[in-house]
Amino acid sequence: MTTPRKPLHFNAFVMNTNSHINHGQWRRPDAQQTEFNDVNTWIELAKLLEEAKFDAMFFADVSGHYGDADADYEVYVRHGLQIPSNDPTVLLGALAVVTENIGLALTSNVMQNHPFNFARQVSTLDHISNGRIAWNIVTGTQDNGARNYGLPKLTDHAERYRWAEEYVDVTYKLWEGSWDEGALLKDKERGLYSDPSKVHKIYHEGERYRVEGPHLPSPSPQRTPLLFQAGSSGSGLAFAARNAEAVFIISPTPEAAGAQIAETRRLAAEAGRNPDDIKFFPGLSFIIGDTEEEAQAKALKYDEYVSVEGFLAHSAMVDSEGRVYDPETPIKDIHTNTTKGFLEWAAIAIPDREPTLSDLVRQRANINRVVGTPEQIADELERWQDAGVDGINVINWVIPGSFAEFADKVLPVLRERGLAQKDYAPGTLREKLFGAPRLNDRHPAAAYRGAFTEGPTTWDEADERRRAEASERVGAESAVPW
């Protein structure tokens, strides 16, 4: 007897810009991503996706242009390649009030917003949406983006993840610890809006941030938003294992995805979490035909619009000084401070010779493109599920057509096989994906629940407690027998 399959989760992977992933496709007559400034483009898409029972709209974002920060950036402007682009955080406020169930995920890197302000924005969105917000935690990949926030260049790759650890620590303290359960009263008879004994300052002091608190919003339905992460380097995997609830992966094959998933789950167990505390979402794009011949013919039409120049610009790898590598540079000779995960899987995907940067560009132009009938696509998605993935980030070619076609043709076949949900589960986004409204007790953020109830009430007291804790640690280490 065949074991019934679990439904996969489906996110629409989009960006508030003209040319996001599949560069050149904006020139197609049916492409409406050119109208991304018009909020109705996104409202109509959100309604289409919710009607189709997509789990979430996942918005990517950047804070600067790619490549050499000192070089001519006209190629990005000419193609509309993530410039111009608009802030997804602002857009989610509009989408939250015209939808009821679909999750809304934003990308925000640790450079672009102070954690106190960011935590407040996210709590506000989570209130507006009744608990449907997710945060894709990123560390930035552009030197130009770093300069936009006053840095001379992008911080070292490993150091960016150390930065991210403190950043999320501040937000966890604000979201989970600043307000105790039951603090919000709205008691008109007694004149008590909130219980002062249950609202606390956090007195955080670290290498980069000094934050007093308290968190200004009251606890939102999820408190902490659902946490996505997209790093695939060693540092990124370790960060995901400690912090992520969902990981967005770009992998050349189901087998390669399975290896990354297994390693991240292993690291999660080492960090004291359950390996199943994390769900994994590869990015896939689809070209759909009623017959295989029709699908292949459509693929050729899409290929006519592919911008090789756009893919090359998007894939630009820079060295430690911010200079772009020559496209024929062997992968083994590239030492970059930006996106390292793509280099690693490019090397895996071409085992019979030394791959070059140009190979990476060609791979990205056709990355994880699935071409076929709805039944063939369902077969392929079963392969990905068998490799360990929990859902798919659906990458569009055109908006809204790619999503409308997937909804009309592929999702009915997936539902017949038990591979797609027929309706939304009740509750918050986290309840829909994990069955619980809040982070579980194994997540590091949970340690801050109630942590400030008997906490310090001044900076002097906070500093004294930190000194005492440091002294205790030193004493414990010195007491370890030889």
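The exercises below work through a predicted model of one protein chain, each with a solution in steps.

**Exercise 1. Overall build**

Task: How many helices and strands does the protein chain have, and why does its radius of gyration agree with that of a compact globule?

Solution. Begin with the secondary structure, where the protein chain shows 16 helices and 13 strands. Next take the expected value: for 482 residues, a compact globule would have a radius of gyration near 23 Å, and because the protein chain itself has 23 Å, the two agree. For the extent in space, the C-alpha trace spans about 70 × 55 × 50 Å along its principal axes. Finally, consider how the chain is packed: 55% of the 482 residues count as buried, and, among contacts with a separation of 6 or more, 77% are made by residues 24 or more positions apart.

**Exercise 2. Surface and charge**

Task: What share of the accessible surface belongs to carbon and sulfur atoms, and how many positive and negative side chains does the protein chain have?

Solution. The accessible surface comes to about 20,900 Å², and carbon and sulfur atoms hold 52% of that area. Turning to charge, there are 50 positive side chains and 72 negative ones, and the centres of these two sets lie 3 Å apart.

**Exercise 3. The surroundings of Leu8**

Task: Is Leu8 buried or exposed, and which residues does Leu8 touch beyond those up to four places away in sequence?

Solution. First place the residue: Leu8 lies in the segment before β1 (9-15). Its relative accessibility is 2%, which is under the 20% cut-off, and therefore Leu8 counts as buried. The residues touching Leu8, with those up to four places away in sequence left out, are Asp55, Leu381, Gln385, Val389, Asp390, Gly391, Leu419 and Ala420. For one of these, Gly391, the spacing can be stated as well: its C-alpha atom is separated from that of Leu8 by 4.6 Å, although the two residues are 383 residues apart along the chain.

**Exercise 4. Following the parallel pairings from β2 to β10**

Task: Starting from strand β2 (residues 56-60), which strand is joined to β2 by three bridges, and where do the further pairings lead?

Solution. Step one: β2 is joined to β3 by three bridges, and the two run parallel; within this pairing, Met57 has Leu104 of β3 as its bridge partner.

Step two: β3 is joined in turn to β4 by six bridges, again in parallel, with Ala105 bridged to Ala134 in β4. Strand β3 (residues 103-109) is mostly covered, since seven of its seven residues are buried. Both of its faces are accordingly covered, with Gly103, Ala105, Thr107 and Asn109 on one side and Leu104, Leu106 and Ser108 on the other.

Step three: β4 pairs with β9 in the parallel sense over four bridges, and here Asn136 stands opposite Phe228. From β9 (residues 226-229), Leu226 and Phe228 point one way and Leu227 and Gln229 the other way, and all are buried.

Step four: β9 is joined to strand β10 (residues 246-249) by two bridges, running parallel, and Gln229 has Val247 as its partner in β10.

**Exercise 5. A strand with one uncovered face**

Task: Which residues form the covered face of strand β12 (residues 369-372), and which the uncovered one?

Solution. The covered face consists of Val370 and Gly372, while Arg369 and Val371 make up the uncovered one. For its pairing, β12 is joined by four bridges to strand β11 (residues 279-288), the two running parallel, and Ser285 stands opposite Arg369.

**Exercise 6. Backbone details in loops**

Task: Which residues does the cis peptide bond with Pro84, and that with Pro400, join, and what is phi of Asn130 and of Tyr203?

Solution. One cis peptide bond joins Ile83 and Pro84, with omega about 5°, and Pro84 is placed in the loop between α2 (74-79) and α3 (88-96). Another joins Ile399 and Pro400, also with omega about 5°, and Pro400 is found in the loop between β13 (391-395) and α14 (401-416).

Turning to phi, Asn130 has a value near 60°, positive in a residue other than glycine, and lies in the loop between α4 (115-128) and β4 (133-138). Tyr203, in the loop between β6 (192-194) and β7 (204-205), has a positive phi near 45°. As to cover, Asn130 is exposed because its relative accessible area is 57%, whereas Tyr203, at 5% relative accessibility, counts as buried.

How values were computed
Residues are numbered from 1 along each chain as its sequence is written. This is a predicted model: local features need pLDDT of at least 70, side-chain atom pairs count only at pLDDT 80 or more; totals for chains, interfaces and linings use all residues. Side-chain values use heavy atoms; hydrogens and water are left out. The radius of gyration is taken over C-alpha atoms; the globule rule is 2.2 Å times the number of residues to the power 0.38. Buried means under 20% relative accessible area, exposed over 50%, partly exposed in between (1.4 Å probe, protein chains only). Contact means heavy atoms within 4.5 Å. Accessible areas come from the Shrake-Rupley method with a 1.4 Å probe; for residues, only the protein chains shown count as cover. Lys and Arg count as positive and Asp and Glu as negative; His and the chain ends are not counted. The place of a charge is taken as NZ of Lys, CZ of Arg, CG of Asp or CD of Glu. Two strands pair if DSSP finds at least two bridges between them.
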